[in-house]
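The following report goes through a structure in terms that a computational chemist can check against the coordinates. It takes up cysteines, annotated positions, strand pairing and some backbone geometry in turn.

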Amino acid sequence: MDEPHVLLTNDDGIDAVGFRALHDALSRFADVTAVAPNGDKSAVGRAMSREVQVETHDLGYAIHGTPADCVVVGLEALCPDVDLVVAGCNRGANLGAYVLGRSGTVSAAVEAAFFDVPAIAVSLYVPGADGEWQEKANDPLDYRNATAATTYLVDHALGAGVFEQAEYLNVNAPIHHADDDPAPIEITEPSTLYDMRADRDGERISLTDNVWARMRDGDIPDPQGTDRRAVVEGRVSVSPLTAPHSTQHHEALDALAETYLT
């Protein structure tokens, strides 16, 4: 196909290192329009604003709003003729079925899917203890596995018919180290592991996602073929996903409806 037109957004903010790394990589062969939050909007899900302010930026547009805002504003007002929406690269993995509605990065891809625009969400797995991992991945080269896999997918997935079966792809890549070989791609499913904890101390309750601690300790019960297993073992996870919630016929609900008001 001709040079693809890509709307690039994220939830870490338009000045994030991972965003610049992905922008530069995609710009080598695609027409990229950046429409991203002006600051960090992590873990906001598909939160939507009623009105947003837009500012010009050297990469495109900085939006005073959420990732979902950016997709709607971009596709409706700023660059309606794009071929693909790419969200990322997020510093921090978005792994598991339970994060799909929580992540701002993934939510941007989901929002695009409702516009019938193919999308790719891209995140980087950064191992480390609480607080420690946030000091890592400050060099664009750290994102090399993520940018290489994403550019390959952007360049080939549309023509290969990938989005005839999937509305969006959730991509998670291991962090790149100088002596590493490029990480291969594995097609995966989201892990079903869920280990949220709520601990009460008087009037305060702390919420903790214990999955991260289990990953650091090597306690990974996720089977082969899941996104978390692939990334922890050094592969790029690509999960093909659909955006609308699935529905099916429920005989039990039919029976309840028949007896309602009787």
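Cys70 is buried, with a relative accessible area of 0%, where buried stands for under 20% relative accessible area, exposed for over 50%, and partly exposed for what lies in between, computed with a 1.4 Å probe on protein chains only. This is a predicted model, in which local features need pLDDT of at least 70 and side-chain atom pairs count only at pLDDT 80 or more, whereas totals for chains, interfaces and linings use all residues. Residues are numbered from 1 along each chain as its sequence is written, and side-chain values rest on heavy atoms, with hydrogens and water left out.

**Cysteines**

A disulfide is a covalent bond between the sulfur atoms of two cysteines, and the criterion applied here is a pair of cysteine sulfur atoms within 2.5 Å. By that rule the count of disulfides is zero. Why is Cys70 without a bond to the closest cysteine sulfur? The closest cysteine sulfur, in Cys79, is 10 Å from that of Cys70, which is too far for a bond. Cys79 is likewise in no disulfide, its nearest cysteine sulfur being that of Cys70 at 10 Å, and Cys79 is buried with a relative accessible area of 3%.

**Annotated positions**

The unreviewed UniProt entry lists Asp11, Asp12, Ser42 and Asn90 under "binding site"; such positions are given in the numbering used here, feature names are shortened, and annotations may be inferred rather than shown by experiment. These residues span 80 residues in sequence, yet no two of their C-alpha atoms are more than 8.9 Å apart, so they gather at one spot.

Ser42 lies in the loop between β2 (31–37) and β3 (54–57), the secondary-structure elements being DSSP runs numbered from the N terminus, with helices (H or I) of at least four residues and strands (E) of at least two. Ser42 is partly exposed at 34% relative accessibility. Leaving aside residues up to four places away in sequence, Ser42 touches Asp11 and Asp12, a contact being heavy atoms within 4.5 Å. The side chains of Ser42 and Asp40 are joined by a polar contact of 2.6 Å, a term for a pair of N or O atoms within 3.5 Å; within protein, one must be able to donate a hydrogen and the other to accept it, and residues adjacent in sequence count only if both atoms are side-chain atoms.

Asn90, by its place in the chain, belongs to strand β5 (residues 84–91), and at 8% relative accessibility it counts as buried. With residues up to four places away in sequence again not counted, Asn90 touches Asp11, Asp12, Thr105, Val122, Ser123, Leu124 and Tyr143. The side chain of Asn90 also reaches the backbone oxygen of Gly92 at 2.7 Å.

**Strand β2 and its partners**

Six of the seven residues of β2 are buried, so that the strand is mostly covered. Strand β1 (residues 5–9) pairs with β2 in the parallel sense over four bridges, pairing being assigned if DSSP finds at least two bridges between two strands. Within this pair, Leu7 has Thr33 in β2 as its bridge partner. From β1 the chain crosses through helix α1 (residues 17–26) to β2, and this β-α-β crossover is right-handed; that is, with the strands pointing away from the viewer, the path from the first strand over the helix to the second runs clockwise. β2 also pairs in the parallel sense with strand β4 (residues 60–63), over four bridges, and Ala36 stands opposite Ala62 in β4.

**Backbone geometry**

A cis peptide bond, with omega of about 0 degrees, joins Gly88 and Cys89, and Cys89 is found in strand β5. Two residues that are not glycines have a positive phi, as tabulated here.

| Residue | Phi | Location | Relative accessible area |
|---|---|---|---|
| Ala43 | about 55 degrees | loop between β2 and β3 | 55%, exposed |
| Asp116 | about 60 degrees | loop between α3 (104–113) and β6 (119–125) | 70%, exposed |

**Helix α7**

Asp254 is placed in helix α7 (residues 251–259) and is partly exposed, with a relative accessible area of 33%. The side chain of Asp254 makes a polar contact of 2.8 Å with the side chain of His249. The C-alpha atoms of Asp254 and Ala148, which are 106 residues apart along the chain, are separated by 49 Å.
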